[in-house]
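Visitor: I'd like a close look at a single part of this model. Pick one spot in a loop, then lead me from there to its surroundings.

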Amino acid sequence: MSLCQPWRIVHSEASLGWGGQEHRVLAELTGFRKRGAWVALLAPENSEIFQRALEAGIEVQTLDARKSRYPFTALRLKRWLRANDVQVVNTHSSRDGYVVGAAARLARVPLLIRSRHIDVDYPNPRISRHAFTTFADHVLTTSEKITGHLKSTFCLQDDHVSTVPTGIDLARFAPDGPKADLFEEGNPDQYPVVGMVSVLRSWKGHSVFLEAAKLLKAQGVKARYVIVGEGPVRESVLQKISECNLSVETSLTGYREDIPEVLRALDVLAIPSTGHEGIPQIGLQALACGTSVVGSDAGGIPEIIQPGETGRIVKTSDAGQLADAIKNLLMDKEESLRMAANGRQLVEQSHGVGHMLDRLEKIYRRHLELVGEAARP
């Protein structure tokens, strides 16, 4: 689907890291640029997404997200938004949500969107509500779980919130293709490989994963374990590997760019998150690659990992259930292949990047046409 007009779209992201949320922002920017839109990014100059957007040839403006600078930043961005005749602003984090949201309101941008990627609690809902009402004409979430939480917490109307999971590049994430070598000494074919691929954060469930691996080892299950990613809890993950006596069986690779190759090298991907998840991109990517998946029942994971259809679901923080599910997937190859095929079909039907852009385009068009009608004499 092509754009009816060359829309002018700006995204903002205050995060310095590089995870699923930042991947989503860049995917929307590059996707709509290919469809004919003018796009730009507002982000801190020392952030990972700032550099990656520059490398992708996307226009980038520096975002000063310090609270002490909010009034000055908002006024500067107001002038920039007006000068560039921006039609859509999409904010993604709390800090940029307020300062860029204020700038967009001052600049009278026709459509202001607030995206929410993770499911969190709101201790002061009367204050937090402004992020999704005052500074948002429409709210986007990545899972129905997040959508439901926002509606119930802030009494949002159905037409004010849309669930649009992140789209997957189906050509890049495909069952056929090269596989990564995840172990320095090579990966003996007789040992299946079970892995996690995520930013190393406390709520991603690395401790649960390693406890499950410890149980499997005690049961005599021969397997190798790999943890791909970087993040603030790296040292605690290394300590947990040692505590579980898994140093020989486990590889901590750090950050990697070759995620399709990594997923194709895994026999099972585990997503044992303990909270906050929307629909995790790595889950959709694994399904697209035909990799068997087991996930916890946290957040939006069960929306794509459908028990017995596209994978296995276990109770959050239950290492015993996780170990059993991994063992079943490793032992029952026929069943694993059936669910993997179903998973690929699910992603092809509903979660390709084109599908995501089509849905976003409909939301943009609906709101912008309403604004245009209201402006007519």
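Guide: Start at Asp85, which sits in the loop between helix 3 (70-83) and strand 4 (88-91). Keep in mind that the model is predicted. The backbone here deserves a look: Asp85 is not a glycine, yet its phi is positive, at about 50°. Is Asp85 buried or exposed? It counts as exposed because its relative accessible area is 53% and the cut-off is over 50%.

A second loop gives a parallel. Asn245 lies between helix 8 (234-243) and strand 10 (250-254). Asn245 is another residue other than glycine, and its phi is positive too, near 55°. With a relative accessibility of 55%, Asn245 is exposed. A glycine offers a further case of positive phi: Gly290, with phi near 75°, follows helix 10.

Now go back to the loop of Asp85 and step along to strand 4, which spans residues 88-91. Ser12 touches Asn90 and Thr91. Ser12 itself belongs to strand 1 (residues 8-12). What is its exposure? Ser12 is buried, because its relative accessibility is 0% and buried means under 20%. Its side chain does have a polar partner: a contact of 2.7 Å joins it to the side chain of Asp96. Leaving out residues up to four places away in sequence, the neighbours of Ser12 also include Leu42, His92 and Val100.

Thr91 gives us a ruler to another region. Its C-alpha atom is separated by 21 Å from that of Gly354, and the two residues are 263 apart along the chain. Gly354 sits in helix 13. It is partly exposed, at 28% relative accessible area. Helix 13 covers residues 353-375 and also takes part in lining the largest cavity.

How many cavities of 30 Å³ or more are there? The structure holds 1. About 40 Å³ of space lies inside the largest. Its lining is made by Val164, Pro165, Ser350, His351, Gly352, His355, Met356 and Arg359. Helix 13 supplies the largest share of that lining, with 3 residues. An α-helix has 3.6 residues a turn, so residues three or four places apart point the same way. By class, the lining has 3 nonpolar, 4 polar and 1 charged residues.

Take one lining residue and follow its contacts. Pro165 is in the loop between strand 7 (161-163) and strand 8. Its relative accessible area is 12%, so under the 20% cut-off it is buried. Which residues does Pro165 contact, beyond four places in sequence? They are Arg24, Thr141, Thr142, Ile279, His351, Met356 and Arg359. Of these, His351, Met356 and Arg359 are listed in the cavity lining as well. For scale, the C-alpha atoms of Pro165 and Asp64 are separated by 28 Å, with their positions 101 residues apart along the chain.

Thr141 carries the trail onward. Besides meeting Pro165, Thr141 is touched by Thr147. Thr147 is in helix 6 (residues 144-154). It is buried, at 4% relative accessibility. Its other contacts beyond four places are Val161, Ser162 and Thr163. Those three positions match strand 7 (161-163).

One more element, helix 10, puts burial in context. It spans residues 281-289, and 9 of its 9 residues are buried. Among them are Gln281, Gly283, Gln285 and Cys289. What do the buried residues pack against? The partners are helix 1 (20-34), strand 8 (193-197), helix 9 (259-265), strand 11 (268-271), strand 12 (292-296) and helix 12 (333-350).

Finish with the cysteines. Cys289 has a relative accessible area of 5%, so it counts as buried. Cys155 is the opposite case, exposed at 58%. A search of the whole structure finds 0 disulfides.

Methods. Residues are numbered from 1 along each chain as its sequence is written. This is a predicted model: local features need pLDDT of at least 70, side-chain atom pairs count only at pLDDT 80 or more; totals for chains, interfaces and linings use all residues. Side-chain values use heavy atoms; hydrogens and water are left out. On a 1 Å grid over the protein atoms alone, a cavity is a set of points where a 1.4 Å probe fits but cannot get out, and a pocket is an open set with protein on both sides within 12 Å along at least five of seven lines; lining residues have an atom within 4 Å of a point. Grid points are joined across faces, edges and corners, and a volume is the space filled by probe spheres set on the points. Helices (H or I, at least four residues) and strands (E, at least two) are DSSP runs, numbered from the N terminus. Ala, Val, Leu, Ile, Met, Phe, Trp, Tyr, Cys and Pro count as nonpolar, Asp, Glu, Lys and Arg as charged, and the others, Gly among them, as polar. A disulfide is a pair of cysteine sulfur atoms within 2.5 Å. Buried means under 20% relative accessible area, exposed over 50%, partly exposed in between (1.4 Å probe, protein chains only). A polar contact is a pair of N or O atoms within 3.5 Å; within protein, one must be able to donate a hydrogen and the other to accept it, and residues adjacent in sequence count only if both atoms are side-chain atoms. Contact means heavy atoms within 4.5 Å.
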